[in-house]
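Me: I am new to this structure and would like to go through the ligand and its surroundings. Please keep the answers short.

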Amino acid sequence: MDLKTGMLFINGEWIAGNSKMSISVENPATGELVGTVAEADIVDVDKAVASARAALLSWQESTVEDRAAILEAVCVALEKHSEDLARTITSELGAPIRLSASLHAALPIRDIRATAMALRDVPFETEIGNSLVRSIPVGVVGAITPWNYPLHQVVSKVVPAIAAGCTVVLKPSDLTPFTALSLAEIMSEAGLPDGVLNVITGRGSVVGNALVAHPGVDAISFTGSEEVGRIIARDAAENFKRVTLELGGKSANVILDDADVSTAVKVGVANCFLNTGQSCNALTRMIVPMDILDSVEELAAAAAAKYVPGDPLDGGTRMGPVVSARQQERIVAAINEGIASGAKLIFGGPEVPAGPGYYVQPTIFSNVDEDSSLAQEEIFGPVLSIIGFRDEAEAIRIANNSRFGLGGAVWSRDEDRAHRVARAIRTGQVDINGAAFNPAAPFGGFKHSGYGRELGSWGISEFLEHQSIQR
Ligand code: NAD
């Protein structure tokens, strides 16, 4: 795959952008140029939407079997190109190459297989009383995605939308556009008809904004920050456009007194530091019994010591740089604010290594005030806050003391107890005792983490309208 193409993908063809301007994509580990992509403008948005509208006419009439077969062919093609994809992800995101291969390039294949399986069970036509209820594609979908899981997040929108019979205009993050452009090429190679997926690279405030306002776009699926999510929800309300919002998180990891504490802390630290802390559902608040705080601190610091930031191309590296200079500055500012708030710094700190690359130190605070900005704001870097609790009720209260509601975890040797606490946590997902991610289950948030769900049959239903015909 040629990373220097810099073209837009519209109606199955690579075309130059209208403005002839371009955006440089930087390698966050070296500061070197990865390549340039076209900076699309509203003329390109019109072209991409027209292409998606034209393709919708036949795609919405395709059979479930046709669509499932293409999704399966896409999985085979993704497997074939997985090494290339992993390298692309490492070059533009900075994720360690081992993680790019084992998670970034591999998880989307599981997402797609789960979607293809769910698709075959969607009741596209059902009868109730004197009604025939049809579930029909919502139409043209505008998908706007962030940089932190540049393939998984794109796949989580594009694949259920096209499974539902919709066509898509995708605007990926301008920090990680090459992964999305590679996906377009792979899906085309796997037999996706021209115009079903169009990819336009550019600035969010121009291209993303134009997609939200465009009368030819029927629904918007957005993953990104709370701030931009609010703008999109407001703009989409102008013309009552359907919106799915996958926003931020500040997820709690509740370790109860009867848990296997050493495993829980080790897994909790690993979860928080995964992808250099750049995961929306990262367990960034570790909530532990007050009377074992000292031993939790020791265990957490020992686990953190294994995360030495390094060259993401080295197979042994567990933590790469963060994605950009801006993210590095934001994370350092949050660490400094944590120190100023009086929280106890037990690992890492705000100093960043000299030299190229946007590295930060994996950092852990203990004795964190549950209302401080350290415990309330999404930092989106490898920064863990440990907070003590006195009893189970207080643990639940602290876990729910967040304006977000995306992920969560509970650890206990007593399964009934773990379930009881999991049910009391107001978030879209809760994992018990380190349970694995399930790409067939709904993913999304409560409260400021957004609305709507991705993955599995729930992901498909976001892109369906329901029509009842009475007879
Ligand atoms: P961001 O909100 O800055 O950007 C996301 C996308 O929106 C980008 O493609 C951007 O170009 C575009 N955009 C920016 N301004 C726009 C506008 N005015 N109109 C339309 N589009 C616009 O977020 P980011 O920095 O790329 O990603 C990090 C954020 O994403 C974090 O807050 C993280 O929690 C969140 N996130 C959420 C999930 C989830 O599933 N809930 C998953 C991953 C990331």
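Me: How many residues are around the ligand, and which come nearest?
Reply: This is a predicted model. A residue belongs to the surroundings if one of its heavy atoms lies within 4 Å of the ligand. There are 27 such residues, and the nearest are Thr145, Gln153, Ser225, Leu247 and Glu378.

Me: What is the distance from an oxygen atom of the ligand to an N or O atom in the side chain of serine 225?
Reply: A polar contact needs a pair of N or O atoms within 3.5 Å. Tryptophan 147 has a polar side-chain atom 3.0 Å from a ligand oxygen, and glycine 224 places a backbone N or O atom 3.3 Å from a ligand oxygen. For the side chain of serine 225, the distance is 2.6 Å.

Me: How much of the area that the ligand exposes when taken alone does the protein bury?
Reply: The space taken by the ligand is the largest pocket. Taken alone, the ligand exposes 850 Å². Of that area, the protein buries 89%.

Me: Which element gives the largest share of the shell around the ligand?
Reply: Elements giving two or more residues to the shell are strand 10 (219-223), helix 9 (226-237) and helix 8 (204-213). The largest share is 4 residues, and this comes from helix 8.

Me: How many charged residues does the shell around the ligand have?
Reply: The shell draws at least three residues from each of domain 1 (7-247 + 449-470) and domain 2 (252-437). By class, 12 residues of the shell are nonpolar and 12 are polar. The number of charged residues is 3.

Notes: Residues numbered from 1 in each chain as written. Predicted model: local features only at pLDDT ≥ 70, side-chain atom pairs only at ≥ 80, totals over all residues. Heavy atoms only, no water. Polar contact = N/O pair within 3.5 Å; in protein donor to acceptor, adjacent residues only side chain to side chain. Areas by Shrake-Rupley, 256 points an atom, 1.4 Å probe, with all protein chains shown as cover. 1 Å grid on protein atoms, 1.4 Å probe; cavity = no way out; pocket = protein on both sides within 12 Å on 5 of 7 lines; lining within 4 Å. Sits in = over half its atoms within 2 Å of the grid points. Nonpolar A, V, L, I, M, F, W, Y, C, P; charged D, E, K, R; others polar. Domains from an automatic or database assignment.
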